Structure formats: C-alpha cells, structure tokens
Amino acid sequence: MSIGELRRISHTGGRRRTAAERRAAGADNKAAIVFLAPFILGAVVLTLGPVLMSLYLSFTDYNLLQDPQWVGLDNYARMLGDSRLHQSLLVTFSYVLIGVPLQLGVALGLAILLDKGMRGLPFYRSAFYLPSLLGASVAIAMLWRLIFGAEGLLNTLLGGIGIESHQSWIGSPETSLSTIVLLHVWMFGSPMVIFLAGLRQIPVELYEAAATDGAPAWWRFRAITLPLLTPIIFFNLVLAVINSFSAFTQAFIVSGGSGGPADSLLFYTLYLYQEGFGSFRMGYASALAWLLLIIIGVLTAVNFWLSKYWVHYDD
C-alpha cells in the first residue's frame, strides 16, 4: 500500500473512502481552483510576466520607441563606472542605516508607553497609525517642502524662540537627507502597532515574578521584554529595510524629481525612474531594477542568517 493511500485512509478514520466521497473531494478541489483562478491569473500576467520581461530587457538597449537590441552584459558593466548610480547607492544606504533604527526605536518606545494602559487607547493607537497611511503620499511630501523650506514652518518656529534662520532645510545638501529621514521616522505607526501586539503576548507572570525578586524596570525590559520581543523586532526590521529601499515618492516630490540639491536626495528608485522614463534608457533601468532586487534579497538573506544569533523563539 502506498503512502498516499495510507494518508487517505488516516483522514477517513481508518477506512477507505467511498466513490461518493472521492467525487465530493474532487468537486471541492475544482471549486478551490475556480476561486483561486483570478489570483493565479493575476500573479502570472501582472507579476511573473513583467518580471521575466524586465529580465530580458536588462540585457538589451531599449528606448521605448524602437525594438529592443540585444547588448548582453553591457548594461551591468556600465554600472561599474556610473557615478550617479554610486551616489544613489550612498544616499539610499545612508537613508536605510539611519532611518530604519530610528523608526523602529521610536515605534518600540511608543508601543511600550501605550502598553502601560491609558484612557482612550484605541484613539491614540489610530492616531499614531495614521502617519503610516499618509506618509508616503504626495500631499505629505508637498507639506514637508512647506515645513522645511526657507520660509517654512520650522524657520517660523525657530524665529518665535529668538533663533533667526532663513535656511532652506530641503535646499541644502547637508540637511536635505535629514528631512527625509525625519519623514521616514514619522511613519512609525505600522511597526508600532505590531510591537504593541507583540507586547500584549508577553506573559504578565514573568514581570510579576521579576518584580517580586526586586528586579528594577530597566532589568525587566532587558531580560524579559527584549528577548521575547526579538521575533517581532526581526519581522519589523525585514519589512522596514525592504520598504526603505523602495522609497520613492518623498524624494521625488521634495527634490522636484531631480534628486537635488547636488544629488543629495538621489534615491536609488528615483535614479532608476530618471533612467527609464526621463532618459528613455529602459534597458539600463531594467538592469538597475534587478540590481535592486539582488541587493534587497542579499540583505534579507543576511538578516535571516544573523537572526539565529539574536532572535529567541519559544523553543
């Protein structure tokens, strides 16, 4: 008797299925396939198809107006001497290395504060989550330009406390990236809600036992909260890194699509957009897209590999 037959017998209480039961199971499978068909069709046509097409285009010279011309690895070789690409990588990695830890730190701190319990907790939770919904929008990016412009709200507030400033914070290469990092940190709502859910899963008995033994609050946080929260921290970290590398709208709107001043806001995705839809070098833009996919894939794999040294699960 085959393993498959043994499994079927075990699923039917130790007896063989009748013909009617087999027909019913087949009907269920057909219904499942019918309901899954739109998703499968969309995944193949709208996702897998364009992905494979972009892989092909990455080996071609394609300007959107003429047929693609096969150039082999020329697009990838060109990356080695592309100074603007190197600048975009520097800007993007700086944004990720600074913005991700700050955002997760703020999100965790507010989650711990909300976990203490307070009146109107659902309202605060919704209010803090709102920036994650609005932060990547064009409207918020335009508002950011008004706040950090030469005549913006920040300089007005500084003038109100006696500090005269006419500096355009988004117009200076030294400070422009910091304003986008601040916007990224402000979008802390999504990881905060996930942290809050994780905190609610930590058994209260552990804190009570530690408090009974006289452990101070900082020790309870270091020895109980952080270790048991590491799976949630890891989850938020992976998502935050991926989302940060794909940031586009903020840099595009704040810099006016140029990546300026002095390419200080030339995010990788913005440079990819400029090459593909600004300079009509769609073949090179496709190669850039695949390089971005490789970078994100490698960093995600590294995060998973390192997780075994600091992420603690129940087992």
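Asp263 sits in the loop between helix 12 and helix 13. Its phi is near 60 degrees, a positive value in a residue other than glycine. At 22% relative accessible area, Asp263 counts as partly exposed, because buried would need under 20%. All of this is read from a predicted model, so please keep that in mind.

Let me stay in this loop. Pro261 is there too, between helix 12 and helix 13. The peptide bond leading from Gly260 into Pro261 is cis. Omega is near 5 degrees.

Ser255 belongs to the loop between helix 12 and helix 13 as well. Buried or exposed? Ser255 is buried, at 12% relative accessible area. And what does Ser255 contact, once neighbours within four places in sequence are left aside? Three residues: Gly260, Leu265 and Leu270. Gly260 we have just met, on the cis bond to Pro261.

Now the helices on either side. Phe252 lies in helix 12, and Tyr273 lies in helix 13, residues 268-278. Under the ring-pair rule, the model has 14 aromatic pairs. In the pair of Phe252 and Tyr273, the ring centres are 5.5 Å apart. The planes stand at 85 degrees, and edge-to-face starts over 60, so that is how this pair is classed. The two rings are 21 residues apart in sequence, so the pair ties together parts of helix 12 and helix 13. Neither ring is fully covered: Phe252 is partly exposed at 24%. Tyr273 is partly exposed at 33%.

One more backbone point, on the far side of helix 13. Phe280 is in the loop between helix 13 and helix 14, which spans 282-310. Its phi is near 55 degrees, again positive in a residue other than glycine. Phe280 is partly exposed, at 41% relative accessibility.

Next, the pocket. The largest pocket holds about 370 Å³ of space. Its lining has 20 residues. Which of them lie nearest the centre? Gln103, His184, Met187, Leu239 and Asn243. By class, the lining splits into 10 nonpolar, 10 polar and no charged residues. So what supplies the wall? Four helices give at least two residues each: helix 4 (83-115), helix 9 (189-200), helix 11 (217-245) and helix 12 (249-254). Helix 11 gives the most, with five.

His184 takes us to helix 8, residues 176-186. That helix is mostly covered, with eight of its 11 residues buried. They are Ser176, Leu177, Thr179, Ile180, Val181, Leu183, His184 and Val185. What covers them? The cover includes helix 4, helix 6 (138-147), helix 11 and helix 12. Note the overlap: helix 4, helix 11 and helix 12 are also on the list of pocket-lining helices.

Now the other end of the sequence. Ser58 is in the loop between helix 2 (19-57) and strand 1 (60-61). Ser58 is buried, with a relative accessible area of 0%. Its contacts, beyond neighbours within four places in sequence, fall in two stretches of numbering. Gly72, Asn75 and Tyr76 are among them. Gly283, Ser286, Ala287 and Trp290 are the others. For a sense of the sequence jump, take Ser58 and Ala289. They are 231 residues apart in sequence, yet 8.6 Å apart in space, C-alpha to C-alpha.

There is an aromatic group in this part of the numbering too. Ring pairs link Tyr56, Phe59, Trp70 and Tyr76 into a cluster. Tyr76 is also one of the contacts of Ser58.

Last, the whole chain. It has 14 helices and two strands. Of its 315 residues, 36% count as buried. Take contacts between residues at least 6 apart in sequence: 65% of them join residues at least 24 apart.

And confidence. The mean pLDDT of the chain is 86. 90% of the residues reach 70 or more. The weak spot is residues 1-7, where the pLDDT is below 50. Beyond near neighbours in sequence, that stretch makes three contacts in the model.

Key:
Residues are numbered from 1 along each chain as its sequence is written. This is a predicted model: local features need pLDDT of at least 70, side-chain atom pairs count only at pLDDT 80 or more; totals for chains, interfaces and linings use all residues. Side-chain values use heavy atoms; hydrogens and water are left out. On a 1 Å grid over the protein atoms alone, a cavity is a set of points where a 1.4 Å probe fits but cannot get out, and a pocket is an open set with protein on both sides within 12 Å along at least five of seven lines; lining residues have an atom within 4 Å of a point. Grid points are joined across faces, edges and corners, and a volume is the space filled by probe spheres set on the points. Ala, Val, Leu, Ile, Met, Phe, Trp, Tyr, Cys and Pro count as nonpolar, Asp, Glu, Lys and Arg as charged, and the others, Gly among them, as polar. Buried means under 20% relative accessible area, exposed over 50%, partly exposed in between (1.4 Å probe, protein chains only). Contact means heavy atoms within 4.5 Å. pLDDT is the predictor's confidence in each residue, from 0 to 100. Rings of Phe, Tyr and Trp (its six-membered ring) pair if their centres lie within 6.5 Å; planes under 30 degrees apart count as stacked, over 60 as edge-to-face and the rest as tilted.
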